[in-house]
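Visitor: Could you take me through one part of this protein in close-up? I'd like a sheet and whatever sits around it.

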Amino acid sequence: MEPAGCHAAQGGEGAPGGFGGRQLLKPYDSFIRTHLRFYGYFRAPRVVQTPHQGRPAPLRQPWRSPGEPQAPFSLPAPRWPVECEVIQETIEHIEWVPPKPEPFCPPMGPEQALYTLGEEQGTVVYHSSPALQGSCFTRARVGGAPGPLSSPAAPLEGPQDTTLLFESRFESGNLQKAIKVGPYEYVLMLRPDLYTAKHTQWFYFRVQNTRQEPLYRFTIANMAKPKSLYGQGLQPLLYSQRDAQSRGIGWRRVGTDVRYYSGSAGEPPVSRLSWTVRFPHDGDTCFFAACYPYTYSDLQRYLRALAADPLRSRFCTVRALCRSLAGNTVYLLTVTGPGGTAGKRAVVASARVHPGESGGSWAMRGFLDFLLSAHEDAQLLRRLFVFKVVPMLNPDGVVVGNSRCSLAGRDPNRAYGKALPGSFPGVWHLRAMVQRVLAEREVVLYCDFHGHSRKNNVFMYGCDAGGDGTGTRLRQRVFPLMLSKNAPDKFSFSSCKYQVQKSKEGTGRVSMWRLGVSHSYTLEVAFSGSTLGGRSSHFSVEDLESLGRLLCDTLLDFCDPAPAKLQQCLVEADALLQRQMSRESGSGGSWSDVSPSELESSTSGSNSSVSEGIPDDFHSPDRTVEPHRKKQLRKRRARNVLRRTNRSHTSIPAGTRRHPVLPGVQSGGGSAGEKPRASSRAAGAGNGPRAIVGEVPGADSGVALPRAPEAGNGCCATMGEHQPDSGTSAVTCRKPPLSPCHCAATSDSSRDPAVGAILGPSWQRGGRRPRDRARPLTVRAAAPRCCACARQ
């Protein structure tokens with residue numbers, strides 16, 4: 001049987017064809033829905049007695065199926081699979097930045113691997129494994145498994161017993177077993193991602209009954225990846241509750257004699273992580289983690305603080321993009337200035353599709369903090385763009401402590417190309433939201449925040465299929481190159497890759513690029529730290545959050561109307577590629593004739609290279625494909641992808657550009673007077689132009705953050721910044737100076753490539769960019785849209 005929820009998004013209980021509808025279901029659908037209803041997925045609509053009519057009436061908001069958008073914004077407690085036990089304690093950690101960088105520890109080679117005793121020679125002191133009733137997720141509830149909690153930890157024999165007490169039955173915890181093999185030595189087993197037998201990389205657990213004097217050794221015996229940054233100096237994180245309460249010290253890097261080496265030669269082979277540590281206090285409560293934890297409850301607390309802030313909440317609307325398989329809300333934030341959305345381009349950002357990559361959430365928080373701040377660059381960003389942000393795409397995986405998968409037991413970052421809203425609601429609704437945004441405005445950038453466990457520094461993966469012209473291939477490298485200049489001590493441009501591999505077709509980066517987002521990237525943040533700019537130290541929370549600010553800074557450089565920075569980066573990227581081609585091939589050939597796979601020596605550093613794709617049986621029954629038709633369907637999909645790529649997103653006149661062109665770069669087929677893309681629907685057709693997309697249908701009744709009243713059916717309606725103007729038919733809107741035609745119209749001299757010299761060495765040193773952005777925006781008359789956009 002396919003995973004529960006595969007049909008859930010096709011219709012709720014009150015939807016046509018669902019329970020309570022008037023259309024008959026197919027026999028198979030009826031059987032599946034009845035089966036899922038037995039397990040608690042579907043419930044009969046509750047009724048209330050109406051005293052005036054004397055008969056029951058359904059509630060206005062019946063229970064919604066997984067994957068279906070939830071109208072009101074709320075902060076309910078996290079929902080867990082019913083197989084998981086959850087302790088009632090609230091786990092929170094203080095934030096702290098070390099007074100000085102924490103250096104890497106001396107790496108220990110694999111030839112120095114230790115021999116560690118196994119379970120048969122030791123004593124199991126902790127064993128907590130979900131009581132899985134089957135191979136797939138069925139249902140969830142707040143608090144997880146009903147009934148009293150079990151006692152997975154062995155009881156202490158007395159005050160002199162030095163055995164550690166382990167616990168991981170809290171958000172993002174994933175320790176499965178602890179075996180005591182010596183007085184102060186423990187072998188640990190991580191729980192694989194739920195409903196799988198693999199993906200053990202992230203770890204987060206608690207220990208109690210500590211002693212200060214002895215040297216403890218911990219060995220995690222089932223790490224999944226053959227290579228890790230732990231072999232290059234990365235240290236685990238330790239959190240002491242006593243230090244947090246008395247000294248204000250939070251997470252810190254600890255561990256000596258850190259080793260990462262091959263373990264058992266089973267199938268699949270596993271690796272071992274071993275380290276020694278001394279605890280700071282006797283009788284302390286401590287936590288270990290692979291990276292700074294950022295849980296679903298942490299995100300909810302951040303959103304709650306955002307809603308309570310009268311200044312930041314003016315620029316941010318929080319809605320529910322959808323609900324996860326377990327019923328947890330996937331939040332969508334829309335950030336823009338109070339001047340409306342007419343003429344603005346969009347930027348889409350997402351994070352935590354892989355739950356074990358918590359560094360992406362800290363970078364995302366820095367991104368949002370800067371975007372909602374009073375900084376002049378943040379104000380300019382809000383004036384120029386509409387930001388669509390999904391800060392946690394896979395809340396279920398984050399809650400249960402998975403490394404890569406959702407409750408479907410598969411990697412959701414391989415499911416963007418699949419029509420599976422019931423199994424992967426987060427990525428499906430994100431992709432659908434981007435499609436709707438593209439129908440109304442250009443998406444200038446998509447960035448998916450990830451973490452990386454095998455490469456130092458920060459870097460990006462882009463999209464270069466090799467079939468485009470030299471200019472297009474160069475422009476794919478401009479944004480990463482600019483970011484490397486703004487973050488010279490963190491971002492490594494040489495580590496960036498742009499090859500579009502077949503195994504990565506289902507990723508968010510490639511999927512958004514196929515939809516028409518010409519600059520689509522994955523931002524990879526190392527679990528360890530930086531080896532650039534004289535550094536050789538771990539990233540702190542402050543470092544991770546600064547990446548979000550630097551990303552915003554680079555976005556302004558990337559879309560600067562003056563073409564000097566762009567032209568300098570194009571010339572520099574071309575020189576770097578030419579040098580790389582000459583070095584690898586030993587000849588002076590041109591890199592533009594070489595495919596990305598030949599240009600890039602290897603992409604084996606990708607953190608997701610060991611992940612598998614989505615099996616064919618994840619399709620719903622009506623989508624099952626006979627084997628003899630698969631080849632035909634693949635060819636048809638390839639033709640459709642090519643047709644969609646060459647077709648403009650809206651009705652742009654023939655002869656204009658097919659792809660979005662960067663500011664300051666004249667397109668070969670574009671015209672100097674090209675106007676911004678208009679809405680895909682006529683202004684007077686039906687109910688008017690579609691509102692800002694990405695919001696949940698029916699979400700008007702439940703708004704999370706304080707904002708102005710809703711406007712009418714205009715294209716700015718959902719932001720609530722304007723009122724319909726019934727007295728005018730033409731609209732004069734403020735257009736941001738971003739398009740190449742605007743640069744050409746305002747300054748003919750700016751086309752001179754020699755202008756690149758004005759950038760100066762300050763930008764090379766990571767300094768501030770020139771103050772050419774302080775010039776006022778130019779007001780231009782735009783094409784008529786809806787009257788809601790008329791007032792500025």
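**A loop and a sheet**

Guide: Let's start with Tyr 195, which lies in the loop between strand 8 (185-190) and strand 9 (204-208); strands here are DSSP runs of E, at least two residues long, numbered from the N terminus. Before going on: this is a predicted model, where local features need pLDDT of at least 70, side-chain atom pairs count only at pLDDT 80 or more, and totals for chains, interfaces and linings use all residues. Residues are numbered from 1 along each chain as its sequence is written, and side-chain values use heavy atoms, leaving out hydrogens and water.

Back to Tyr 195: its phi is near 65 degrees, a positive value in a residue other than glycine. With 11% relative accessibility, Tyr 195 counts as buried (under 20% relative accessible area; exposed is over 50%, partly exposed in between, with a 1.4 Å probe and protein chains only).

Strand 8 also belongs to an open sheet of six strands, ordered 4-7-8-10-14-13 with mixed pairing; two strands pair if DSSP finds at least two bridges between them. Its edges are strand 4 (123-127) and strand 13 (256-262), each pairing on one side only.

At the strand 4 edge, four bridges make the join to strand 7 (residues 175-182), and the two run antiparallel. There, His 127 stands opposite Lys 177 of strand 7.

At the other edge, strand 13 holds Asp 257. The phi of Asp 257 is positive too, near 50 degrees, again in a residue other than glycine. Asp 257 is partly exposed, at 25% relative accessible area.
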